[in-house]
Structure formats: C-alpha cells, structure tokens
Amino acid sequence: MMIKLVKTVGILLLAFSLQQCSYSQSSSTNQKTKMETDKKSNSVYSRTDTNKVNLTEEEWKKILPSEVYSIARMKGTERAWTSKFEKFDEIGTYYCAACGNALFKSDTKFESGCGWPSFYEPVSKGSIIYAPDHTYGMERTEVMCGRCKAHLGHVFEDGPPPTGLRYCINGVVLDFEKAKEAEKNYQSKKQ
Ligand SMILES: [Zn+2]
C-alpha cells in the first residue's frame, strides 16, 4: 500500500515537473520572438538624436534582438559571408542597428573579399570610436559606434585610397536606408 502511494506521488511529481519544463520553455521562446520583431521597444533608437546613449548591459539585453546584442554588446563576430550587406551595392546610408547613429555612406563601401561588409571611411570623425584590441593573440583596432559604443568590427590599414583603411564591419549591427527613401523622408518633414 505504502509503496504504491510513493509510486503514485512520484509519477505525479514527474508529470508536474515535465509540464513545468515545457511551459517555461515555450514562454521564453514566445518572448524572444516578440522582442525580435518589436523594434519599437528600443526607446534609444534614433537617426536624429546625437546625444550619447549610456545603458546597462541588462537594459541593452531587453531592447536589442539577440543577434544584435551578441555582437554589439558581447563583441561577437558574425560568420564570414553571412551578411546580406556583404554583396550589396544600393546607394544610401548605413546606421548603427543598436541606436540609429549614421556610420557609413554607400559610396565608401568596397568589395574587400574578406567576407564582411567593408568601408574605407566613416560618415564623420565622431561617428566611430576606436580602441586597441589584443584578443586572440592579435593586435587589432576595434571600432565602436560613436553614440552607443556598440561593437561594430575592426579597422585595418590595407584598404583602398583615399584613406588606405578597411573598416571590416559585422552586417548584423548595420541598418541600411536607401538614399531615395532618405530624400522622401526629408521632403515630407519639410512640408
Ligand atoms: Zn550605436
């Protein structure tokens, strides 16, 4: 009798914990999908506000899609040849995907063959900040967004003229706006 009771309780507990497990799993998946599609939840994103953005890692985690967060805040690197911007020659401006800061113009983009979108010059001096990076036994210069300090990639001195620089940038942290659309937005704001 006693053994049977223990068995029953055991089975009940097991069933309960399995249910708990599948429940928490599905709710976190839903949350992730929602966050990744809802760009409005990023309250610091602006293509006009030039004030510096200072958020905690926890706050960034809440407002950035996970793939942007892992590169912008955790200094990750996307796999080579995976960015839609790697072979992409539309005319327009590239913005920081974390905060909307203008970073590069399409006329400074070039085919470097390195597997990541490459540019020879940023939009302006202040649009990018630099830091020495000694990780992986290499001496490199890290480039970050001048407004929110998102990690973007690295700059190397083997680029084309006129600068001789190659800004090797993770496409995941770039937002692109076509020049025509930019012009249209400008016109509608004027009216
Ligand atoms: Zn930024």
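In this predicted model, Glu177 is tucked away: its relative accessibility is just 10%, and with the cut-off for buried set at under 20%, Glu177 therefore counts as buried. Its salt-bridge partner is Arg47, and the closest N and O atoms of the two are 3.1 Å apart. Glu177 sits in strand β9 (residues 174-178), while Arg47 belongs to the loop between α1 (2-37) and α2 (57-63), so this pair ties together parts of the chain that are 130 residues apart in sequence. Arg47 itself is partly exposed, at a relative accessible area of 36%. The two do not stand alone, either: Arg47, Asp175 and Glu177 are linked in a network of salt bridges.

In total, the structure holds 10 salt bridges. Another of them joins Glu142 to Lys75, with 2.8 Å between the closest N and O atoms. This pair, too, links distant parts of the chain, as Glu142 is in strand β6 and Lys75 in the loop between α3 (66-72) and β1, 67 residues apart. As for accessibility, Glu142 is buried at 6%, whereas Lys75 is partly exposed at 45%. Then there is the bridge in which the side chains of Arg166 and Asp158 meet, at 2.7 Å from N to O. Here the basic partner is the buried one: Arg166 has a relative accessibility of 13%, while Asp158, at 48%, is partly exposed.

Next comes the metal site. The zinc ion is held by four sulfur donors, the SG atoms of Cys96, Cys99, Cys145 and Cys148, which lie 2.3 to 2.4 Å from the ion. Along the chain, these donors follow the spacing C-x2-C-x45-C-x2-C. Cys96 lies in strand β1 (residues 92-96) and Cys145 in strand β6, so the pair ties together parts that are 49 residues apart in sequence. Both of these cysteines are out of reach of the probe, as Cys96 is buried with a relative accessible area of 0% and Cys145 is likewise buried at 0%. What is the geometry of the site of the zinc ion? The angles among the four donor atoms run from 103 to 114°, and the site is tetrahedral. For comparison, the ideal angle for four tetrahedral donors is 109.5 degrees.

Finally, there is the matter of pockets. The largest pocket has a volume of about 320 Å³. Its lining is made up of 17 residues, and those nearest the centre are Thr77, Asp133, Arg140, His151 and His154. Sorted by class, the lining has seven polar, six nonpolar and four charged residues. Which strand supplies the largest share of the lining? That is β7, with four residues. Strands β6 (140-145), β7 (151-156) and β8 (166-169) each supply at least two of the lining residues. Strand β6 thus turns up in several places in this account: it contributes to the lining of the largest pocket, it carries Glu142 of the salt bridge with Lys75, and it holds the zinc donor Cys145.

Notes
Residues numbered from 1 in each chain as written. Predicted model: local features only at pLDDT ≥ 70, side-chain atom pairs only at ≥ 80, totals over all residues. Heavy atoms only, no water. 1 Å grid on protein atoms, 1.4 Å probe; cavity = no way out; pocket = protein on both sides within 12 Å on 5 of 7 lines; lining within 4 Å. Points joined across faces, edges and corners; volume = space filled by probe spheres on them. Nonpolar A, V, L, I, M, F, W, Y, C, P; charged D, E, K, R; others polar. Donors = N, O, S within 2.8 Å, 3.2 Å for Na, K, Ca; no water. Tetrahedral: all angles 85-135°; square planar, octahedral: opposite > 155°, others 65-115°. Buried < 20%, exposed > 50% of the residue type's maximum accessible area, 1.4 Å probe, protein only. Salt bridge = Lys/Arg side-chain N within 4 Å of Asp/Glu carboxyl O.
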